[in-house]
Amino acid sequence: MALVSATQMLKDARDGKYAVGAFNTNNLEWTIAILQSAQEMNAPVMIQTSMGAAKYMGGYKVCKAIVTNLIESLGITVPVALHLDHGDYKAALECIEVGYTSVMFDGSHLPFEENLEKAADVVAKAHAKGVSVESEVGSIGGEEDGIIGTGELADPIECKKIADLGIDFLAAGIGNIHGAYPADWAGLSFSTLKEINEITAGIPLVLHGGTGIPEEQIKKAIALGVAKINVNTECQWAFAEATRTYVESGKDKIGKGFDPRQLLGPGTAAIKAVVKEKIEWFGSSNKA
């Protein structure tokens, strides 16, 4: 199946009261694990590249080629969108031209009027090519490719102004953060989410920082309009732990255990386990 825009899959998710998993990829093994998991769970999926990961992998063209060719060679039939995660203005425009089917323009760190102006331009250029657009209001806590957010709560009025530009889905800060959550984390602000959901009149909402949010809060967020949930760090933790166990057990010194095809196998399997668990949590299994 060819890559698709994320617009319809997220509308369907919102209407169906489930969320599509948006999983960041970092290399070939990551991409294979995400695609195979989605296929086995019969779930629509979004594969995301951050600006840093795309640079590491060889650029946006390489990322697109990897995903599109794996879809064909692995026989993937579930809907897959290729999405730029936390892209700046330049990166968003480049990915639109390269052939990504979805982009996030993250102007949350900019003065709001500049965020609004640039988001409008990204929407115009993206929609002309059938590409879906995500924008952000109220920065997400933690750091993503040099964009640092304190995790403040988004202003619902600003959310409405961004939504009215015609974006396809909206990321809004509701107390969520990237990476590990501290022990004293107050949890998601559902009152803020409820207000944003009501004022933006049905636009699919995005929950960043999906790693570490308890399942019951995930499900409540979905009930309040969240249709896309990002996961990255948890897959990285699982990959690192499985690889560490493999090496520390000495398996890399047995036969050809040092071969990357064997060395990276346990980590890849660990990523698949995380992706499948999240798909179950999000309720998107058998929704392809």
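1. A residue counts as buried when its relative accessible area is under 20%. By that cut-off Ser37, whose relative accessible area is 0%, is buried. The structure discussed here is a predicted model, and the points below begin with the helix that holds Ser37, namely helix 2.

2. The side chain of Ser37 has a polar atom that lies 2.7 Å from the backbone oxygen of Ala33. Once neighbours within four places in sequence are left aside, the residues in contact with Ser37 are Lys272, Val275, Lys276 and Ile279. These four residues also appear on the helix 12 side of the packing described in the next point.

3. Helix 2 packs with helix 12 at an angle of about 40°, and the two axes are 9 Å apart. That angle makes helix 2 oblique to helix 12, and the crossing of the two helices is right-handed. From helix 2 the contact draws on Glu29, Trp30, Ala33, Ile34, Gln36, Ser37, Ala38, Glu40 and Met41, while helix 12 supplies Thr268, Ile271, Lys272, Val275, Lys276, Ile279 and Glu280. Sorted by class, the residues of this contact comprise 8 nonpolar, 3 polar and 5 charged.

4. Helix 2, which spans residues 28-41, also packs with helix 4, residues 60-73, at an angle of about 45° and with the axes 10 Å apart. Angles that are neither under 35 degrees, nor over 145, nor from 65 to 115 count as oblique, and helix 2 and helix 4 are therefore oblique to each other. Helix 2 passes helix 4 in a right-handed crossing. The residues that meet are Leu28, Thr31, Ile32 and Leu35 from helix 2 and Ile66, Val67, Leu70 and Ile71 from helix 4. In this contact 7 residues are nonpolar and 1 is polar, with no charged residue among them.

5. Which residue after helix 12 has a side-chain polar atom 3.3 Å from the backbone oxygen of Met41? The residue is Ser285, found in the segment after helix 12, and the atom of its side chain lies at that 3.3 Å distance from the Met41 oxygen. Ser285 is buried, its relative accessible area being 18%. If residues up to four places away in sequence are not counted, Ser285 touches Met41, Asn42, Ala43, Ile279 and Glu280. Of these, Met41 is listed in the contact of helix 2 with helix 12, on the helix 2 side, and Ile279 and Glu280 are listed on the helix 12 side.

6. Asn42, one of the residues that Ser285 touches, lies in the loop between helix 2 and strand 2, the latter covering residues 45-50. The phi angle of Asn42 is near 55°, which is a positive value in a residue other than glycine. Asn42 is partly exposed, with a relative accessible area of 29%.

7. A positive phi is also found at His86, where the value is near 50° and the residue is again other than glycine. His86 belongs to strand 3, residues 80-87. Is His86 buried or exposed? With a relative accessible area of 1%, His86 is buried.

8. Helix 12, residues 265-282, has a further partner in helix 10, residues 233-248, and the axes of the two come within 8 Å and cross at roughly 145°. The crossing in which helix 10 passes helix 12 is right-handed. On the helix 10 side the residues that meet helix 12 are Glu234, Cys235, Ala238, Phe239, Ala242, Thr243 and Tyr246, and on the helix 12 side they are Pro266, Gly267, Thr268, Ala270, Ile271, Val274, Val275, Glu277 and Lys278. By class this contact has 10 nonpolar, 3 polar and 3 charged residues.

9. The last point concerns Leu165, which is found in the loop between helix 7, residues 156-163, and strand 8, residues 169-172. Leu165 and Leu116 are 49 residues apart in sequence, and their C-alpha atoms are 8.2 Å apart in space. Neighbours within four places in sequence aside, Leu165 is in contact with Leu116, Ala119, Ala120 and Val123. With a relative accessible area of 27%, Leu165 is partly exposed.

Definitions and conventions. Residues numbered from 1 in each chain as written. Predicted model: local features only at pLDDT ≥ 70, side-chain atom pairs only at ≥ 80, totals over all residues. Heavy atoms only, no water. Axes fitted to C-alpha atoms, helices over the stretch in contact; angles between N-to-C directions. Left-handed = near helix turned anticlockwise from the far one by under 90°. Contact = heavy atoms within 4.5 Å. Nonpolar A, V, L, I, M, F, W, Y, C, P; charged D, E, K, R; others polar. Buried < 20%, exposed > 50% of the residue type's maximum accessible area, 1.4 Å probe, protein only. Polar contact = N/O pair within 3.5 Å; in protein donor to acceptor, adjacent residues only side chain to side chain.
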